[in-house]
Every structure is written in structure tokens, then in C-alpha cells.
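Let's walk through this one together, starting in the middle and working outward. Keep the viewer open as you read.

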Amino acid sequence: MTTSIRTNSIRTKRVLAICYSQTGQLARIAAQILAPLQAKPGVDVHLEVIRPKQSYPFPWPFFQFFDAFPEAAHLIAPELEQLALTGEEDFDLVILFYQVWFLAPSLPVTAFLQHPLAARLLKDKPVVTVIACRNMWLMAHEKIKNMLANLGARLIDNVVLADKGNVFATLVTTPRWLLTGRQTGFLGLPPAGIAPDEILRSRRFGLALRDALAADAEKQDAPLLAGLGAVEANPRLYASEKAGTRSFYLWGKLLRAAGKPGQWSRKPLLFFYVFFLIALILTVVPVSLALQALIRPLLRERIARMKHDFEFPSGSGTERMSKYAV
Ligand SMILES: Cc1cc2nc3c(=O)[nH]c(=O)nc-3n(C[C@H](O)[C@H](O)[C@H](O)COP(=O)(O)O)c2cc1C
């Protein structure tokens, strides 16, 4: 590693990347985005792979999958194996890769943000978040924004990669993938997850970050990934997410009173809730989308404002895509 104190432009830039991935999907996205940074002389990337002490299974047994929602909704994080970091490191940029679990950040990522070292590592640091999920990330990101603000971190960019399948198709294909391990399309439905070519194209964010670091742009308060199609928010899902979050929170409270994760005492309630949840999804999502379609002309301005707010700071603009075409 070559370090110089003569000018900022030739000082080694240190990047902290935090990642947890069960199926390997988010890990593949992280690999694409980090590759241009790792290949750049003068950039030192530390990839911290988060390891919960008790690992989560993949594919998930049915009950264990649903049993994770009370803790996810209440941000009650599991214990982590010791981190490779000491807290003394001084990073120029932090990239937080995360997935959504039950409309909240995944429990391993929540555990990292609640870890005592996170406060030391992230304070005053510019943070880029990269989400890979089915397609419901709005409420999870609100929670991440709060946690980062409480740590004193500066959120400068947010990239979202979501399953491009239809909302209803992915309600079948994603649970099938997570509960059986089968990701392929079936019954005319598309394969679950983020399309392989979209994962490859996420490399453009790494190329742009590499150039931004070379120009010291991370020190300013502007996004580094604007104009690259970083995020496309769908505010029409907001009402369903809000109702779902409330339901997970209230039922999560009840389940947490019934027992600890994995305990038999939770099972009868959990069994009942799964049916309730399926009924909720089959009614609330279509009814909310249909109602919004009916009153869309009245909501146009509000939806545009929400879209802008949820896409802040990176935005959905594509004007720099040709520069970083992959
Ligand atoms: C327990 C659990 C709950 C999930 N809940 C959501 C969700 O609420 N919204 C969403 O868009 N995706 C959800 N997903 C999908 C994940 O965000 C993610 O795309 C998938 O698990 C693959 O991530 P991986 O990189 O860890 O393999 C959920 C996945 C799991 C395992």
C-alpha cells in the first residue's frame, strides 16, 4: 500500500464495504460494484462480511422463515461473530449493501448498525447504501436512514436493485425461491430475483465511485451516483408497505411476548398469523393499488413528490449512463 501525505489526490483512499448475503445475490452485486475499486491503485477496499453467531438457513424451513419477522420488525438484532475491524480504522467512504426482510433491514445488517464499532466507524462518514430485494424497500430504507443518522453518518447515495417481475408474480416466485431454493421460472412466471444482466450492469456504480474518489468528490455533500439510474421508487406500494409494517410491528409484539425465536410457544400464533398475512396481502395490495388507480389524477402531484423524496439523493435520472455503459 502506498500512502503519501503530499496531496489528497495521491493519498490512498480507504473504502469499507459491509455485506451479508444468503443466496449469494447481494454478494454478486457487491462483487460487481467493488471490482473497479479493488482494481484501482490507490484505493484500499476492506470487505466486511457479516456473520451472525447463529446462521440463518437457506432455503428457509417454513416456520423459521416467518419466525424471523417479529425481530426484524422490532430491529432486535442477533449476535454477530467478531468483526475483522477494530474501530480504529479511518475510512473515506462506506458502502452498506443490504437486503430487506419483512419490510425492515435484514437482521444481520441491523446487527452491524447496532454494533458498538459501527458508531466509531461510520461517524461523519459518507455512506452509499445498495439495496437488493424483491421490490418493497421503502419502509426498510426509512429505518436505515434513521439508524445512519443516529450514528452520525452522512447518507450520500442509495442504489436499489429490485426484482423486475410483476408485484403479484414475485409474491409467488420470491417465497418459492427462499423456501425451496428453486429460483427458476415456473407456471409461466419469470425466475425469481434480480436478472443476471442487471447484476452485471451494477458495475457502473463502482466505476463512478472510483472516479469520484479520484476527484475527492466524497468530501462534498452531493451524490456520487446521480444520472446512473440508481433508483426507481414506486410510491404506489407505500400504502401496502405502511399497512404491512404496522401489522408486523403489532403482531411481532404479540409473538415476542409468546416466546423467543424458535420456541414452540410461538408456533400456534405464527401459524394463525401466516393465514392472516396471506389474506392481508391478497386484499390490501390489490385493493390499495386499485383505489390508487381510480384516484390517480387527484394524487398525481403527491405521488410525484413522494417518488422524488424516496429516490433522494441519487435519483432515477440516466444522463450519465453512456459514460459508464457496461
Ligand atoms: C426473511 C425474508 C424476508 C424478506 N422480506 C422481503 C421484503 O419485505 N421485501 C422485499 O422486497 N424483499 C424481501 N425479501 C427478499 C430479500 O430482500 C432478498 O432479495 C433475498 O433474500 C435474497 O438476498 P440475499 O442476497 O441475502 O440472498 C425477504 C427475504 C427473506 C429471507
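Start with strand β6, where eight of the eight residues are buried, so the strand is mostly covered. Keep in mind as you look that this is a predicted model. Side chains in a regular strand alternate between the two faces of the sheet. In β6, both of those faces are covered: P126, V128, V130 and A132 sit on one side, V127, T129, I131 and C133 on the other, and all are buried.

What does β6 pair with? One partner is β3, in the parallel sense over five bridges. If you want a place to put your cursor, V94 has V127 of β6 as its bridge partner. Another partner is β7 (residues 154-162), again parallel, this time over eight bridges. Here V130 is matched with V159 in β7. To get from β6 to β7, follow helix α6 (residues 138-150): the three elements make a right-handed β-α-β unit.

Now go back towards the start of the chain. Strand β1 (residues 13-19) pairs with β2 in the parallel sense, with seven bridges between them. V15 stands opposite V45 in β2. The chain goes from β1 to β2 by way of α1, and this β-α-β crossover is right-handed as well.

Next, the ligand. A shell of 20 residues surrounds it, and the closest are T23, L26, Q99, C133 and R134. Elements giving two or more residues to this shell are α1 (25-38), β4 (100-101), β6 and α7. You've already met C133: it is one of the buried residues of β6, and here it turns up among the closest to the ligand. As for chemistry, the shell divides into 12 nonpolar residues, seven polar and one charged.

A few backbone details deserve a stop on the tour. Which peptide bonds are cis? One joins F58 and P59, with omega about -5°; P59 belongs to the loop between β2 (43-49) and α2 (62-67). Another runs from F312 to P313, with omega near 5°, and P313 is found in the segment after α12 (296-311).

Then there are two residues with positive phi that are not glycines. D124 has a phi of about 65° and lies in the loop between α5 (116-122) and β6 (126-133). Is D124 buried or exposed? D124 is exposed, because just 8 other C-beta atoms come within 10 Å. L187, with a phi of about 50°, is in the loop between α7 (167-180) and α8 (196-201). L187 counts as exposed too, because 8 other C-beta atoms lie within 10 Å.

Finally, how far can you trust what you're looking at? The protein chain averages a pLDDT of 94, and 97% of the residues score at least 70. Among the elements, strand β3 (residues 93-98) has the highest mean pLDDT, 99, while helix α11 (residues 267-294) has the lowest, 88. Residues 1-8 are another matter: the pLDDT there is below 50, and this stretch has nine contacts in the model beyond near neighbours in sequence. Where pLDDT is low, the predicted coordinates should not be read in detail.

Note on methods: Residues are numbered from 1 along each chain as its sequence is written. This is a predicted model: local features need pLDDT of at least 70, side-chain atom pairs count only at pLDDT 80 or more; totals for chains, interfaces and linings use all residues. Helices (H or I, at least four residues) and strands (E, at least two) are DSSP runs, numbered from the N terminus. A residue is buried if 20 or more other C-beta atoms lie within 10 Å of its own, exposed if 12 or fewer, and partly exposed in between; C-beta atoms are placed from the backbone. pLDDT is the predictor's confidence in each residue, from 0 to 100. Two residues are in contact if their C-beta atoms, placed from the backbone, lie within 7 Å. A residue is near a molecule or strand if its C-beta atom, placed from the backbone, lies within 6 Å of it. Ala, Val, Leu, Ile, Met, Phe, Trp, Tyr, Cys and Pro count as nonpolar, Asp, Glu, Lys and Arg as charged, and the others, Gly among them, as polar. Two strands pair if DSSP finds at least two bridges between them. A crossover is right-handed if, with the strands pointing away from the viewer, the path from the first strand over the helix to the second runs clockwise.
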